[in-house]
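Biologist: Could you take me through one part of this model slowly, please? I would like a close look at chain A and at the side of it that touches chain B.

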Amino acid sequence: MPAQARSRAVSALWVLLRKDLYIEFRTKEALSSLLVLIILIILTFTFALDPAAGRSFAPAILWVTFIFSGLLAVQRAFVIERENGCWHGLLLCPVEPATIYLAKMAGNFLFLAVAQLVLLALLWLFFRLPPARSPATFLAVNFLGIAGFASLSTLFSGISVRMRAREMLLPLLVLPLLVPVVVCAVAATRTLLDPASAEGVANWVRVLIAIDAIYIVAGWAIFDQITQE
Amino acid sequence: MKNRSTTLAADGLTLLAGVMMAVSIYLVFQYVPTERVQGVVQRIFYFHVPAAWSAFTGFFVVAVASAFFLWRGGRRADLVAHAAAEVGLLFCTMVLVTGPMWARPVWGVWWTWDPRLTMTLVLWTIYATYLVLRMVGRDDPLVARYAAVLGIVGAAVIPFIILAVRLWHSIHPAVISAPKGQGGLGDRRMVQTLVFCGLTFLTLFGCLLWRRFRIRQLAEEIADLRDELEKQEGRRAP
């Protein structure tokens, strides 16, 4: 029975994820606004910082831009369900709330990962960064950071979307608990972008993997609590 | 009858906290010897550290009560979690206020990104958010559930915040890395004072927690009675 239930959950997850991807593919709302926002935030940074000094601030610019644009983007996963009673329809489906959570999280992860790749390209273009010491590790750190952000913010946007002051509330809910991801992602990015450094990033990566696991398990285990009415 | 005895117990607890606080103040200013290196300012330590203990107790109570509320239900657990967050945040604020007052004369700076300070600040923001969530969702019947989710996830993430902040600190050396006071509790009277102040603050914590809990409980009773009354009047009016 568990194997059968698992395969059902996986196919349900895929259906839900595909639905969100379809919506995005047809409307192109989330990604396009996210990308324009990213460009605007970087532009603000370039005016505020001396471009030559921008290099040493690159890790900070990268993650601050990512987090603040991401906070606005992840709300959408649940906002689109508010129209036409979609949310109740979704809850009526024979699907575990945990599966809905994982599907929404996966969707957010994909959008944010695409945005992050564009963001990285722009950073290299605008700030003439040196190549990362180990591109594979660099990308892995980025994806781990995005996974942590997506898992935590998906859980809390499920809460904030139903509150009055949701735009204000989501950052308040997410940012304090995101501290481990911010610390590790920024530190690892900085180490990898420093050509003079010979330090490894194994410790940071380990903490990132652990905290990602905690966020995902917490969201998966607790999400049904916030869908009950 | 039962109400009366609980009121009496609560008053007793308040009285006890008051007397203990008076004794603590005596101990801190008269009994305990002045620390040799830091001088008289070190006496703030006997309020700073017990306040931290109370704050952590508060956050622990929030997590336990939240878990209890989510899995077993019941208004009481929710009210306890809410009250504990308020009182815990109060003590955490006290830690953050007394810390710089002590750091300035001893370290020469008001603030340093020492792991313990950073962690306390992050904890403060988590529980401040908890109370903001409660405030924003005042009229939402689901807010208790949401707050409980935050209380539990917050508690689960705290060890990682500590870990990450420690690791981060190791690449950002602090201005002054002298260990805070605790290494220098040479005198027996210092330990006695610290333990007594710790007990005083925990008693005060219990007292405040109980009061906040009762106020919320009574407020809910009043709201229920008012609803009942409105219903009855509505029935009579037409």
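Modeller: Let us start with chain A as a whole and then turn to the side that touches chain B. This is a predicted model, where local features need pLDDT of at least 70, side-chain atom pairs count only at pLDDT 80 or more, and totals for chains, interfaces and linings use all residues. Residues are numbered from 1 along each chain as its sequence is written, while chains are lettered from A and ligands numbered from 1 in the order in which they are written.

Chain A has nine helices and zero strands; helices (H or I, at least four residues) and strands (E, at least two) are DSSP runs, numbered from the N terminus. Its C-alpha atoms fill a box of roughly 55 × 35 × 30 Å along the principal axes. Of its 229 residues, 41% are buried, that is, with 20 or more other C-beta atoms within 10 Å of their own, C-beta atoms being placed from the backbone.

Two residues are in contact if their C-beta atoms, placed from the backbone, lie within 7 Å. Among contacts in chain A between residues at least 6 apart in sequence, 82% join residues at least 24 apart.

Now for the partner: 23 residues of chain A are in contact with 27 of chain B. On the chain A side, α7 (166–177), α8 (179–193) and α9 (202–227) each supply at least two residues. The largest share, nine residues, comes from α9(A). By class, this side of chain A has 20 nonpolar, two polar and one charged residues. Here Ala, Val, Leu, Ile, Met, Phe, Trp, Tyr, Cys and Pro count as nonpolar, Asp, Glu, Lys and Arg as charged, and the others, Gly among them, as polar.

Methods
A residue is buried if 20 or more other C-beta atoms lie within 10 Å of its own, exposed if 12 or fewer, and partly exposed in between; C-beta atoms are placed from the backbone.
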